[in-house]
Amino acid sequence: MASSISRHQRVLSGMRPTGALHLGHYHGVLKNWVRLQHEYECFYFVADWHALTTHYDEPGVIADNVWEMVIDWLAAGIDPRSARLFIQSRVPEHAELHLLLSMFTPLGWLERVPTYKDQQEKLREKDLATYGFLGYPLLQSADILVYRASMVPVGEDQVVHVELTREIARRFNFLYGREAGFEDKAEAAVKKMGKKNARAYRDLRRQYQEQGMTDALESGRALLEGQQNLGQQDRERLFGYLEGTGKVILPEPAALLTPAPKMPGLDGQKMSKSYENTIALREDPDSVTRKLRTMPTDPARVRRSDPGDPAKCPVWHLHEVYSDDDARQWVQEGCRNATIGCLDCKQPIVDAVLAEQAPIRERARDLAESPDQVRAIVSEGCEAASQEARATLREVREAMGLAYT
Ligand code: TRP
Ligand code: SF4
């Protein structure tokens, strides 16, 4: 599989094993993972080292959550025949790359990442003025760059980390992509593409570099991806030569946001463990029903006969996720005219959430009964991931002057 799909089409993402997954994870990230696995080569991993950056004083949390999380992924539709599932700490190359990247990462870049201060504020009870926590986004950059992934499906809060990764990659390529005789080697590589493609490449390069045409850059990249007879090194040279930089040893990834609307929690804020407004992916049906039935509504609707305004009601936000146009119309009219009660209004949501969860819960039950199968899936994933990570590190070490004898 890996060889027929270009590495420029690779997807990578991870989650921290810090608790049971909830519907926010499902709608915000997991559904995207499931969709992408059919289109690209996907690597999904358990970020257990990242969990330690905030839970270093309760390491038991990791073992408790790792396998449950993998079961959640599989139950939600991740197919191990399409995607590789692995555990970060079983691929030590992530740590090695993190260390190597740290050599040239300005402290200010890390101090300025907004999640650094935000999370310190939010998790006041913990001392997060640590070296590891400051390095959290850099470790994430290493996670992404070690697979030379081009796409990173994440929630909105993680986009800044992908942005940082792009800057790190750019700095790396700038510092270490400038080999001796680069131009000559690049020109030699252009010739290897054959006359027609070489001419097309040169035209696109000129259009981009002289006229700043960004679609020429895109077309040039696409052209390179389709070249079968270029080796890895030549390909890196030509990506850089196209852009006017050195070799692109570590390509810049892009964040991929879920196209779905934000998943609201029971109180109308974003669904998040720290707001205690979640419904777990595998929450039992009675509890789901209870939580939804007691969830707050427009405070103006004290009595059934009081009209309400869906815009002021967290239940409405759930209709935006779960209901079709007809049902939404029914809510809008029924609420404003007080012809439906809030429990009537909530019932379709209860039904939709239960229907969504039923097959997930069932698959999870089966998986929980075959822990060996789950572990085998992860071992295979770790093996595949390691192979890729080892190849990247060989190049990185060489570029950074560590391949001496
Ligand atoms: N920081 C991410 C989160 O909290 C998890 C993560 C770690 C990650 N490494 C990653 C996500 C690499 C995408 C790519 O959700
Ligand atoms: Fe909210 Fe529906 Fe009640 Fe209106 S009828 S307040 S939208 S729960």
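Start with the largest cavity, which holds about 100 Å³ of space in this predicted model. By the rule used here, the count comes to one cavity of 30 Å³ or more. To see the walls, select Thr-297, Asp-298, Arg-301, Pro-310, Cys-313, Val-315, Trp-316, Val-331, Cys-335, Ile-340, Cys-342 and Cys-345. Colour by element next: α15 (314-322), α16 and α17 each give two or more residues to that lining. Switch to colouring by class and you'll get nine nonpolar, one polar and two charged residues.

So what fills this space? Turn on ligand 2, since the space it takes is the largest cavity. Now pick out the shell around ligand 2: Thr-297, Asp-298, Arg-301, Pro-310, Cys-313, Val-315, Val-331, Cys-335, Cys-342 and Cys-345. The elements giving two or more residues to this shell are α16 (325-336) and α17 (342-369). Its make-up by class is seven nonpolar residues, one polar and two charged.

Next stop, ligand 1. Which residues come nearest to ligand 1? Show the 14 residues around it, then highlight Arg-16, Tyr-136, Gln-140, Asp-143 and Gln-158, which come nearest. Three of the side chains are worth a distance label:

- Arg-16: an N or O atom of its side chain is 3.2 Å from an oxygen atom of ligand 1.
- Gln-140: here a side-chain N or O atom is 3.0 Å from a nitrogen atom of the ligand.
- Asp-143: a polar side-chain atom lies 2.7 Å from a nitrogen atom of ligand 1.

Leave the ligands and move to the second largest pocket, with a volume of about 570 Å³. How many residues line the second largest pocket? There are 22, and you can centre the view on Arg-221, Glu-243, Val-248, Pro-251 and Glu-252, which lie nearest the middle of the pocket. For the helices, select α9 (159-176), α12 (214-225) and α13 (232-243): each supplies at least two lining residues.

Try colouring by domain here. Domain 1 (7-176 + 254-261 + 371-399) and domain 2 (182-243) each contribute at least three residues to the lining of this pocket. Finish with a class colouring of the same lining, and you'll find eight nonpolar, six polar and eight charged residues.

Methods:
Residues numbered from 1 in each chain as written. Chains lettered and ligands numbered in written order. Predicted model: local features only at pLDDT ≥ 70, side-chain atom pairs only at ≥ 80, totals over all residues. Heavy atoms only, no water. Near = heavy atom within 4 Å. 1 Å grid on protein atoms, 1.4 Å probe; cavity = no way out; pocket = protein on both sides within 12 Å on 5 of 7 lines; lining within 4 Å. Sits in = over half its atoms within 2 Å of the grid points. Helix = DSSP H or I, 4+ residues; strand = E, 2+ residues; numbered from the N terminus. Nonpolar A, V, L, I, M, F, W, Y, C, P; charged D, E, K, R; others polar. Points joined across faces, edges and corners; volume = space filled by probe spheres on them. Domains from an automatic or database assignment. Polar contact = N/O pair within 3.5 Å; in protein donor to acceptor, adjacent residues only side chain to side chain.
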